[in-house]
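Open the model in your viewer and keep the selection box handy. This tour moves from one selection to the next and says what is there.

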Amino acid sequence: MQPEDFRCKQRLTVRWAEVDAQKIVFNAHYMLYADVAVTEYWRQMAMPYEASWAKLGGELYVKKADVTYHAAAVMGDVLDVGMRCSKQGNSSLQFECGIFRGRQLLNTVQLVYVFADADRKPQPVPQPLRDALTAFEAGEDMVTLQSGSWNDLGRAAERLRMQVFVHEQGVPAEIEVDEFDPICRHVVAFNRLGQAVATGRLLTDAPGVARVGRMAVDRAVRGSRVGRWVLDSLVETARERGDSAVVLHAQCQAQSFYARAGFVAEGGIYQDAGIDHVTMRKVF
């Protein structure tokens, strides 16, 4: 077992509260590390946990957990926790976890889950979940980008925008959908279950200048590059149609996200819907 055997890896740093009187990581915390990696696994699968399992009609319950200790971690160690689905049964899924310090394997964890309905009665693992797991372990993309009009994608985009901007950030619902939506080019990222997990739109701000707006990513998959893929798709659309620049009104807490994509801040900070924003521009 090597670090490169895992597509999904989560980096953790050992904290003081996790070591015992022997000054090494207390054995039970390795199960906690594995659980953190499982959560990261579903995030990298672009599967918002609650909504995805509701769509699949069940949940996973732990049937068996085995831990093998090879060497000890100590406070301050930086650990890479790898997680993979190693076997699919009729109603069960087997996951393997490797916990590494550099290339040294410290711990292996084997988890067996059973897929069950609301009454915790085992059910066959749904085929869409099987297909998604197989695709992820094969290194395939876990989202598909669709580009189209408000008529094509408005229902999916609006649902996600309401979730992020209205329910999460407190933006008034009456201003979230506006008169520009019908004339914009929209992009929506769908996961392997057909759920919208990210969206954005593109309109003309001035002759030769496009404007990106309404960028929203499901909380459960932020940081998994899904938002960047949507942004890149919108920027490339602007480039292909001959625009010379793209502007956007970035929430200040997301400024670094746009900066990594080549956008540069201009002007001061202002408020929009009660949230601090800054104008940013990318020139081709």
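**Stop 1: Phe6 and its surroundings**

Start with Phe6, which counts as buried at 2% relative accessibility. Bear in mind that this is a predicted model.

Now add Phe100. Phe100 is buried too, with a relative accessible area of 1%. The ring centres of Phe6 and Phe100 lie 6.1 Å apart and the planes stand at 65°, so this is an edge-to-face pair. An angle over 60 degrees is what earns that label. The two rings come from distant parts of the chain: Phe6 sits in the segment before strand 1, Phe100 in strand 4, and 94 residues separate them.

Keep Phe6 on screen and select Arg84. Arg84 lies over the face of Phe6, 4.8 Å from the ring centre.

**Stop 2: Two salt bridges**

Switch to charged side chains. The whole structure contains 21 salt bridges. Side chains of opposite charge can pair when their charged atoms come close.

Select Glu4 and Arg103. Their side chains form a salt bridge, 3.0 Å from N to O. Arg103 belongs to the loop between strand 4 (92–101) and strand 5 (104–116), and Glu4 to the segment before strand 1 (8–13), so the bridge ties together parts 99 residues apart in sequence. Is Glu4 buried or exposed? Glu4 counts as exposed, at 52% relative accessibility.

Next, select Asp77 and Arg101. The closest N and O atoms of this salt bridge are 2.7 Å apart. Asp77 is in the loop between strand 2 (59–69) and strand 3 (78–88), while Arg101 is in strand 4, so the pair ties together parts 24 residues apart in sequence. Asp77 counts as buried at 14% relative accessibility. Arg101 counts as partly exposed at 26%.

**Stop 3: Strand 5 and its partners**

Stay with Arg101 and follow its backbone pairing. Its bridge partner in strand 5 is Gln104. Strand 4 and strand 5 run antiparallel, paired over ten bridges. They form a hairpin with two residues between them. Zoom in on Gly102 in that turn: its phi is positive, about 65°.

Color strand 5 and add strand 2. Ten bridges join these antiparallel strands. To find one of them, select Ala65, whose bridge partner in strand 5 is Leu111. How many of the 13 residues of strand 5 are buried? Ten are, so strand 5 is largely enclosed by the rest of the structure.

**Stop 4: Helix 1**

Select residues 29–44. This is helix 1, with 16 residues. From first C-alpha to last, helix 1 reaches 23 Å, close to the 22 Å expected at 1.5 Å a residue. Its buried residues include Tyr30, Tyr33, Tyr41 and Trp42. Glu40 is also one of the buried residues of helix 1. Step past the end of helix 1 to Ala46, where phi is positive, near 60°.

**Stop 5: An aromatic cluster**

Keep Tyr41 and Trp42 selected. Add Tyr49, Trp53, Phe95, Tyr113, Phe115 and Phe136, and you have one aromatic cluster. The structure as a whole holds 13 aromatic pairs.

Within the cluster, isolate Tyr49 and Trp53. These two are four residues apart in helix 2 (residues 49–56), about one helical turn. Tyr49 is partly exposed, with a relative accessible area of 38%. Trp53 counts as buried at 3%.

**Stop 6: A charged network**

Move to Asp181 and Arg201. Their side chains meet in a salt bridge at 2.8 Å, N to O. Asp181 is in the loop between helix 5 (173–176) and strand 7 (185–191), and Arg201 is in strand 8 (residues 196–206), so the pair ties together parts 20 residues apart in sequence. Asp181 is buried, with a relative accessible area of 0%. Arg201 is buried as well, at 3%.

Extend the selection to Arg161, Glu176, Asp178 and Arg214. Salt bridges with shared partners join these residues with Asp181 and Arg201 into one network.

**Stop 7: A second hairpin**

Finish on strand 11 (residues 264–272) and strand 12 (residues 275–283), an antiparallel pair with six bridges. Select Val264 and find its bridge partner in strand 12, Arg281. Two residues separate the strands of this hairpin. In the turn, Ala273 has a positive phi of about 55°.

Terms used. Residues are numbered from 1 along each chain as its sequence is written. This is a predicted model: local features need pLDDT of at least 70, side-chain atom pairs count only at pLDDT 80 or more; totals for chains, interfaces and linings use all residues. Side-chain values use heavy atoms; hydrogens and water are left out. A salt bridge is a side-chain nitrogen of Lys or Arg within 4 Å of a carboxyl oxygen of Asp or Glu. Buried means under 20% relative accessible area, exposed over 50%, partly exposed in between (1.4 Å probe, protein chains only). Two strands pair if DSSP finds at least two bridges between them. The expected span of a helix is 1.5 Å times one less than its number of residues. Rings of Phe, Tyr and Trp (its six-membered ring) pair if their centres lie within 6.5 Å; planes under 30 degrees apart count as stacked, over 60 as edge-to-face and the rest as tilted. A charge sits over a ring if NZ of Lys or CZ of Arg is within 6 Å of the ring centre and within 35 degrees of the ring normal.
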